[in-house]
Amino acid sequence: MDWLPAHQDFRGFLRLAREPSPDRLEKLAALAQHRLGFLETIQLDRALGPVCGESPQGFSSVRLAILASATVDHLVPGIRVSGLRRRLLIDVHIGPYGQYRQQLLDAESPLHRLCPHIVLLSLTAREAIVAVPLTATPVEADAAIGRSIDELRMLWRKARETFHATVIQQTFLNIADPLFGSYDRLVAGAPAQLIAHLNERLSQAAAEDGVLLLDISRASERDGLDAWFDVTRWLQAKLEIAPQAAPVYGDLLARVIAAQRGLSKKCLVLDLDNTLWSGVIGDDGPEGIILGEGTGIGEAHLALQRYVKQLRERGVILAVCSKNDPAVAEAVFRDHPEMLLRRTDIAAFVANWEDKPANLRRIAEQLNIGLESLVFVDDNPAERERIRQSLPMVAVPELPADAAKYVRCLADAGYFESVVFTTDDSRRGEQYSANASREAFLESSESMDEFLRGLDMSVTFGSFQTVDLARVAQLIGKTNQFNPTTRRHSVEDVARFIATDRCLTLQFRLVDRFGDNGLVSAMILRPDPQAPDLMEIDTWVMSCRVFGRQLEREAMNIAAEIARRMGVRAFRADYIPTPKNGVVSELYSALGFTLAQEAAPNDGVTRWFLELSDYVPHSTHIARRSE
Amino acid sequence: MCLTLPILLGDRSSMTDQDILNALTRILRDLLSDDSIVLTMETKRDDVPNWDSFAYISFIVAVESEFGVKFGVAEVESFQNVGAIVRRTSAILPTR
């Protein structure tokens, strides 16, 4: 956990944080941002105490059930502390040791009363391989592994059908000792080979079934098996995961849970001097900085650029925040022959002599994302500390002194954990680059109206398409701002809405003269069970990339028109305030809905109505194209 | 994803049994969030409230991590009292 900063006085701060006070949870969450060992993790977890029930402002609660075939109680502190690190209060329920099947299948089991959001299957490989003889042919071995996988799939299905829970399956630690040595890989029935095979089939099945993986097998390759498996603990108490690995285990799991809830980081903000290259461009000049092949240090910085470029290709937004003359800094991107990152790769480029916290605010504003979506990478410990102090919501990895280890540090921190990879992700970089052209156009436009008219926008719409399900679910999962209800729906949930009679689902793509913005909005409307001609807007999300383009008006025009044709009389919509969705607090009033229910004192929820017969379509500059 | 390594502060081979006992006391207090715990060489697990078998394993892990030592599977099960842990720790402390 080297990317987290060490705490100077953990015990002292823990004592303070234990005392009852209104910001007790905030203090504990701040402590969780530090590098904690095995014992410190247990201490912090104990100070956190039970977390069931309503979650306080700024935190959300998660009910997690772990079904395990080994002892996993020692993993709970790491899981809860890693959740706290992401402002998730995780209520962990552990089924009785080894009884995971009964727990799932028996409707009377405590698991069923808990009704978990997430079911984690944490199983050892032993059961799956024990009955396979060493002499098994490849076909026999595959058949035996296939039976284990089929059983898992049955359990996954059961967990989903019963709880509508997200299922996370832990990959299998390959704890088998070599039997033949290197030749093991050529013997289908060799235990180590069986477990490798099991993991391979598991990944395929998970991909097909849309189950998420917790890849501790990969993590144990990273850290070494001894870091993850301690045979003494296994023999003593059937702990398959070594207690020393518990803090990391918890972080790996919390990443997946956070990613599924749209809480992964979105943007990587990079310093320049001694981060992207070695040297100071302002002092050393373009010939003086070291970058590229020929020297180890030059290659180290190039390796970081290569990794960052790959992150961009998978959808991470890139930004630059540097204390430099902007013209000098930009010239490196334009003219330096060894630069791998180009100026067009950077969605927000801020180089000046101002304070970095102010610049990070500017970047977040410019990209229209929250500060909590930023990761700030800087080699300078003083700048890092400055950001941690003034913007604690920004993730700041404790970059190692050796530039050779920058990539590893960034990769280990897992800021950009994902649960899906769509074509929209791979094109996000281009889309943000196109935004720069849009901004230039906006500046040259006389008025907002002229700008919008000149964009030549068109919307493509239709009900949810099967090929777009992953993107729709991602948009629903990740959108925090334009999201009046903040209801999260998994891919399976979304698929259910399509199949449900009389539900209206709509997806919108926005294209303009600068490019395709991709699938940027989705809407789910469901009929009221009591009054079928009344439809509720269960979910409506829109990417922050297209705010201010009148898409919400055109989307409502389209929804109203289609619903009217379906015989719907009125829409009902709730606005459920969160710390992040203030941007839509006036959405429904602006669209012509009438307030039916004033803000409730406890949660501030407002309810809105729209009689479709009264609806006058809003005029927009968006042309329509049907999908 | 590096696991936190034990922070070895200087040369531990000069530690006395009392030093080790003090360290074990601090570890157990941290582990059980109970600053009233006082360990002696004669203390047994049953003498300390909440020091159950689960907390015992956590304790052993924390001690191993603190001192950079590793107890054998038979040892962990045979420690009769805190003194036995202190003496064994002292015997296998890494020297520099």
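Q: What makes both faces of strand β6 of chain A count as covered?
A: In this predicted model, C267(A) and V269(A) lie on one side of β6 (residues 267–270) of chain A, while L268(A) and L270(A) lie on the other, and these four are all buried. A residue is called buried if 20 or more other C-beta atoms lie within 10 Å of its own, so a strand with buried residues on each side is described as covered on both faces.

Q: How do you know that β6(A) pairs with β7 of chain A, and in which sense does the pairing run?
A: Two strands pair if at least two bridges are found between them, and β6(A) is joined to β7 (residues 317–323) of chain A by 4 bridges in the parallel sense, so the criterion is met. Within this pairing, C267(A) stands opposite I317(A) in β7(A).

Q: What joins β6(A) to strand β9 of chain A?
A: Here too there are 4 bridges, and β6(A) runs parallel to β9 (residues 374–377) of chain A. V269(A) stands opposite F376(A) in β9(A).

Q: Why is helix α4 of chain A described as largely enclosed by the rest of the structure?
A: Of the 10 residues of α4 (residues 76–85) of chain A, 9 are buried, and therefore the helix is largely enclosed. The buried residues include P77(A), I79(A), V81(A) and L84(A), together with the charged residues R80(A) and R85(A).

Q: What covers the buried residues of α4(A)?
A: The covering elements of chain A include the helices α2 (24–32), α3 and α13 (246–260), as well as the strands β1 (60–68) and β2. After α4(A) comes R87(A), whose phi is positive, near 60°.

Q: Why are β2 and β5 of chain A called edge strands?
A: The open sheet of chain A has 5 strands in the order β2-β1-β3-β4-β5, with parallel pairing. Both β2 (88–94) and β5 (212–214) pair on one side only, and that is what the name edge strand records. Neighbouring strands of this sheet are turned by 30° against each other on average, direction ignored.

Q: How do you know that β4 of chain A and β5(A) are paired?
A: Strand β4 (residues 166–170) of chain A shares 3 bridges with β5(A) in the parallel sense, and since at least two are required, the two strands count as a pair. One of the bridge partnerships links I168(A) with L212(A) in β5(A).

Q: Which residues bring helices α17 and α18 of chain A into contact?
A: K356(A), P357(A) and L360(A) in α17(A) meet E383(A), R386(A), I387(A) and S390(A) in α18(A). By class, this contact has 3 nonpolar, 1 polar and 3 charged residues. The axes of α17 (residues 356–367) and α18 (residues 381–390) come within 9 Å and cross at roughly 65°, and the crossing is right-handed.

Q: Why does V48(B) count as buried?
A: V48(B) has 20 C-beta neighbours inside 10 Å, and because the cut-off is 20 or more, the residue is classed as buried. V48(B) lies in the loop between α1 (17–32) and α2 (53–67) of chain B. Leaving aside neighbours within four places in sequence, V48(B) is in contact with I37(B) and T43(B).

Q: What makes up the side of chain A that touches chain B?
A: In the contact between the chains, 25 residues of chain A meet 16 residues of chain B. The elements of chain A that give two or more residues to this side are α3 (38–48), α10 (216–223) and α12 (231–237). By class, the side has 11 nonpolar, 6 polar and 8 charged residues.

Terms used. Residues are numbered from 1 along each chain as its sequence is written. Chains are lettered from A and ligands numbered from 1 in the order in which they are written. This is a predicted model: local features need pLDDT of at least 70, side-chain atom pairs count only at pLDDT 80 or more; totals for chains, interfaces and linings use all residues. Two residues are in contact if their C-beta atoms, placed from the backbone, lie within 7 Å. Axes are lines fitted to C-alpha atoms, for helices over the stretch in contact, and angles run from 0 to 180 degrees between N-to-C directions. A residue is buried if 20 or more other C-beta atoms lie within 10 Å of its own, exposed if 12 or fewer, and partly exposed in between; C-beta atoms are placed from the backbone. A crossing is left-handed if the near helix is turned anticlockwise from the far one by less than a right angle, and right-handed if clockwise.
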